[in-house]
Amino acid sequence: MLNKVFVDEKSIDKYSDSKTLADRTRALLKYQIETWELARQGYNLLDSVEVKIFEFDDFEIKVQFNPGRIVSSSAKVDKDSISARPCFLCYKNLPEEQKAIPYFRDYLILANPYPIFPEHFTIPKIDHVKQQIEGNIEGMLNLSYDIGKYYTVFYNGPQCGASAPDHMHFQAGLKNFMPIDTEYKKLISDNSDILQETDEVRIWGVKNNLRRFFIIESSNKKKLIKGFRKIYDVLHSLNAHSETEPMMNILSYYDDKKWKLIIFPRTKHRPDHFFREGDKNILLSPAAVDFGGVCITPREQDFNKLTKDILIEIFRQVSIPEEIYEYYNKTLMREISSSQS
Ligand SMILES: [Zn+2]
């Protein structure tokens, strides 16, 4: 019974007297830390994670040694492994203590018991349908609108870090925890191409020595979705043969009455370092949060080993190369100007 996983509204009232979804979501986490041993342990562990910071010219990357993330970072996501396990995002398989806030009839908001963020949520669809952004981008924007006061909503593509590629889900984490949440304006002003600029929509391509990505900003949801669609189609044009969507990670914000999407196109799921033997092996499997500037190493030896040069090398392998970025940029600019004329 689906209703059985819904949190009893009264039991979270004591954590917040506000009825906004952002506050209810925060209250759910407090409730789970008190009532669910696994969540309590997970958030306790977070107090002791080690962090080191690498400064680049106009941005920083934090590296977090977080042993709680070993399962997620090393998850086997091939078809056979996925079909052999019970789906941990299906509501009927949730641990008894885990409770959800339903988001309309579509999603469940759940406290993530293996946090990266001081407040971290997993937001699966109620139905077991595959991970894909097509058809779900509006849901992502709606979620940002409703919980964006405190949280950044993010999406990992089925081949880009989603540990359940068979079950559609977003995640959300405390806003301004990822460096990019506050750095993006500077990144735009330092090295970007403006691809579209109207009263209602702005699209940029941004590049630096670590990442190449796109940003769309708009206060009009329909126009933002249209802009996203253009980017999606251009990314798809080079991946038309693929069975799945173009590889990407997405961050979504709602701030100052505007939505903002940051889209990181990808070429690879995991860098070579992930598969190397012995001393050269580094367990770092980049996904949205890593692209947002918080790289997760679940093993201490990798945390110690990581240098700025290794980070650059890892991102070089999993990001799109500069020539592909330039191609996307030109194609997008052409598409946008032809659709406006
Ligand atoms: Zn499922």
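Two strands count as paired if DSSP finds at least two bridges between them. The exercises below apply this to a predicted model.

**Exercise 1. The ten-stranded sheet**

Task: Determine in what order the 10 strands of the open sheet are arranged, and which strands form its edges.

Solution.
- Step 1. Following the pairings across the sheet gives the order β3-β4-β5-β7-β6-β11-β12-β10-β9-β8. The pairing is antiparallel.
- Step 2. An edge strand pairs on one side only, and this applies to β3 (100-103) and β8 (192-197).
- Step 3. Direction ignored, neighbouring strands of this sheet are turned by 20 degrees against each other on average.
- Step 4. One pairing can be examined in detail: strand β6 (residues 151-156) and strand β11 (residues 248-255) run antiparallel and are joined by 4 bridges. Within this pair, F154 faces L251 of β11.

**Exercise 2. Helices on the sheet**

Task: State which strands are touched by helix α2 and which by α6, and give the angle reported for each helix.

Solution.
- Step 1. Helix α2 (residues 21-35) packs on the sheet and touches β3, β4 (107-111), β5 (120-124) and β6. The direction of α2 makes about 45 degrees with that of β4.
- Step 2. Helix α6 also packs on the sheet; its contacts are with β3, β4, β5, β6, β7 (169-174), β11 and β12 (258-265). Its direction makes about 40 degrees with that of β11.

**Exercise 3. The setting of I147**

Task: Locate I147, decide whether this residue is buried or exposed, and list its contacts beyond its neighbours within four places in sequence.

Solution.
- Step 1. I147 belongs to helix α6, which covers residues 137-147.
- Step 2. A residue is buried if 20 or more other C-beta atoms lie within 10 Å of its own. I147 has 26 such atoms within 10 Å and is therefore buried.
- Step 3. With neighbours within four places in sequence left aside, I147 is in contact with L21, A22, T25 and A172.
- Step 4. As a distance across the chain, the C-alpha atoms of I147 and R334 are separated by 35 Å, the two residues being 187 apart in sequence.

**Exercise 4. Positive phi outside glycine**

Task: For F104 and N176, give the phi value, the location and the exposure.

Solution.
- Step 1. Most residues other than glycine have a negative phi.
- Step 2. F104 is not a glycine, yet has a positive phi of about 50 degrees. F104 sits in the loop between β3 and β4.
- Step 3. N176, likewise not a glycine, has a positive phi of about 70 degrees. N176 is placed in the loop between β7 and α7 (179-190).
- Step 4. The cut-off for an exposed residue is 12 or fewer C-beta neighbours. F104 has 9 inside 10 Å, so F104 counts as exposed. N176 has 11 inside 10 Å, so N176 counts as exposed.

**Exercise 5. The three-stranded sheet and E300**

Task: Describe the open sheet of 3 strands, then determine whether E300 is buried or exposed.

Solution.
- Step 1. The strand order is β1-β2-β13, and the pairing is mixed.
- Step 2. The edges are β1 (50-55) and β13 (294-297), each of which pairs on one side only.
- Step 3. β1 and strand β2 (residues 60-65) run antiparallel, joined by 6 bridges. Here E50 stands opposite F65 in β2.
- Step 4. E300 lies in helix α10 (residues 300-305). E300 is exposed because 11 other C-beta atoms are found within 10 Å.
- Step 5. The C-alpha atoms of E300 and V153 are separated by 28 Å, with the residues 147 apart along the chain.

Terms used:
Residues are numbered from 1 along each chain as its sequence is written. This is a predicted model: local features need pLDDT of at least 70, side-chain atom pairs count only at pLDDT 80 or more; totals for chains, interfaces and linings use all residues. Helices (H or I, at least four residues) and strands (E, at least two) are DSSP runs, numbered from the N terminus. Two residues are in contact if their C-beta atoms, placed from the backbone, lie within 7 Å. Axes are lines fitted to C-alpha atoms, for helices over the stretch in contact, and angles run from 0 to 180 degrees between N-to-C directions.
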